[in-house]
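Work through the exercises below with the sequence and the model open. Try each task before reading its solution.

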Amino acid sequence: MDEVAGVRTRLELTTTAAVAGGTSLARDGDGRVVFVSGALPGERVAVTITETRKDFARAQVTDVLDPSPDRVTPPCPHVERGCGGCDLQHVRAGAQPALKRSIVVDSLRRIGRIADADDRVRLGPPLADRSYRTTVRGAVERGRFGFRAQRSHDVVDVDHCLVAHPLVDEIIAVGRFDRQDEVIIRAGAATGERLVLTSPDSVGVVVPDGVVVVGRSTITDHPEPWFHEDIAGTRLRISATSFFQARPDGAEALVAAVIELGGRELAGANHVVDAYGGVGLFAATAVPPSARTTVVEWNRSSIADATANLRGRDVTVRRSDVARWHPSPADVVIADPARSGLGRRGADALVGTDASVIVLVSCDPASMARDATLLAPRGYSLEEALVVDLFPHTHHVEVVSRFVREVPT
């Protein structure tokens with residue numbers, strides 16, 4: 001064990017559980033919590049302390065002394081070079097969904113204060129763990145596409161990405177991005193349409209024929225360039241800067257989960273609110289065509305897409321931050337907030353609809369658990385949660401949850 005200015009920097013630990021962010025929990029000899037990156041539950045590891053706080057520390061594995069049976073050699077060679085795009089490649093692919101479910105359960109117990117969380121959380125259907133991403137964001141190193149290194153601003157250039165869809169991977173392999181700082185590659189798996197958003201502009205970019213290139217600095221108004229994707233039998237327009245799920249089969253899995261957890265209330269709804277509605281994914285695919293829908297969204301390009309995608313339906317698109325939106329009565333709310341979650345004011349807005357069911361789509365287990373603590377005192381209890389492993393080989397996980405309004409007796 002080494003010490004620098006009285007602080008232990010290297011030690012051996014035994015991890016106990018996985019927690020939000022993909023790290024594993026351990027305790028040092030003083031009982032202090034240590035969040036260990038690169039470790040699996042139940043492993044004995046040698047670590048280097050990277051951050052020390054009063055109540056906890058963070059550490060990085062330097063050597064695995066007693067490995068988990070679920071530990072494997074990362075299948076992508078770029079991980080050994082330091083690529084930070086995937087941080088769970090050391091975990092057997094078949095074990096990752098259960099690991100992520102355990103993280104959701106842990107978050108609901110510790111943060112959400114739901115003692116029986118294990119009984120309320122289940123796994124969704126498995127998704128492919130390779131060649132799945134139709135959107136990737138990267139940096140540029142000597143004109144080549146790359147990803148940031150783990151815990152660093154350094155760029156690791158790559159010629160192939162294990163998780164990129166072939167339409168995207170081709171651009172990673174052959175594209176040149178001289179004079180660029182950041183590149184976002186997007187594709188429609190069903191349509192074959194491809195779009196590259198570069199920053200600061202599109203000068204010095206060489207990509208395969210037929211790929212639309214747009215520089216971020218040149219986007220000053222609408223309409224932006226867009227591509228199309230087919231989800232659950234519906235063709236959707238997605239503009240260059242609009243948010244959309246990074247894999248179409250994952251989007252379909254989320255739609256199916258929303259329909260399932262929306263239940264009979266969603267199936268029979270007269271009015272549905274789609275909060276943080278984006279390009280209209282759930283309004284177009286999960287909401288019954290007979291229902292009136294209010295889409296609440298702030299991003300201008302997403303609003304333009306939603307308006308186009310929902311044409312012909314009884315839909316009102318409101319440009320508003322959900323936290324500032326004045327709610328109207330609804331039967332069901334579907335909410336897909338950013339990683340930070342609803343927040344107090346967002347929760348107030350959803351509760352203000354007096355909906356019988358809120359279906360929450362969360363991209364972070366910790367924020368989902370915090371949202372549960374905000375909804376509970378407002379009369380909404382978590383009934384069930386479905387874990388969808390949208391991003392294998394990374395710690396990211398989506399959770400679709402059903403909150404029901406408690407009716408006073």
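**Exercise 1.** Find the loop that holds Pro200, then describe the peptide bond that leads into this residue.

Solution. Step one: Pro200 sits in the loop between β14 and β15 (205–206). Strands are DSSP runs of E with at least two residues, helices are runs of H or I with at least four, and both are numbered from the N terminus. Step two: the bond from Ser199 to Pro200 is cis, and its omega is near 15°.

The model is predicted, so local features need pLDDT of at least 70, side-chain atom pairs count only at pLDDT 80 or more, and totals for chains, interfaces and linings use all residues. Residues are numbered from 1 along each chain as its sequence is written, and side-chain values use heavy atoms, leaving out hydrogens and water.

**Exercise 2.** State which residues of helix α4 (residues 166–174) are buried, and what they pack against.

Solution. Step one: Val168, Asp169, Ile171 and Ile172 are buried. Buried means under 20% relative accessible area, exposed over 50%, and partly exposed in between (1.4 Å probe, protein chains only). Step two: seen down the axis of α4, these residues fall within an arc of 160°, so they line one face of the helix. The arc is taken from the directions from the helix axis to the C-beta atoms. Step three: the buried residues pack against several strands, among them β9 (135–141) and β13 (182–187); contact means heavy atoms within 4.5 Å.

**Exercise 3.** Locate Arg179 and decide whether it is buried or exposed.

Solution. Step one: Arg179 is in the loop between β12 and β13. Step two: its phi is positive, about 70°, although Arg179 is not a glycine. Step three: with 64% relative accessibility, Arg179 is exposed.
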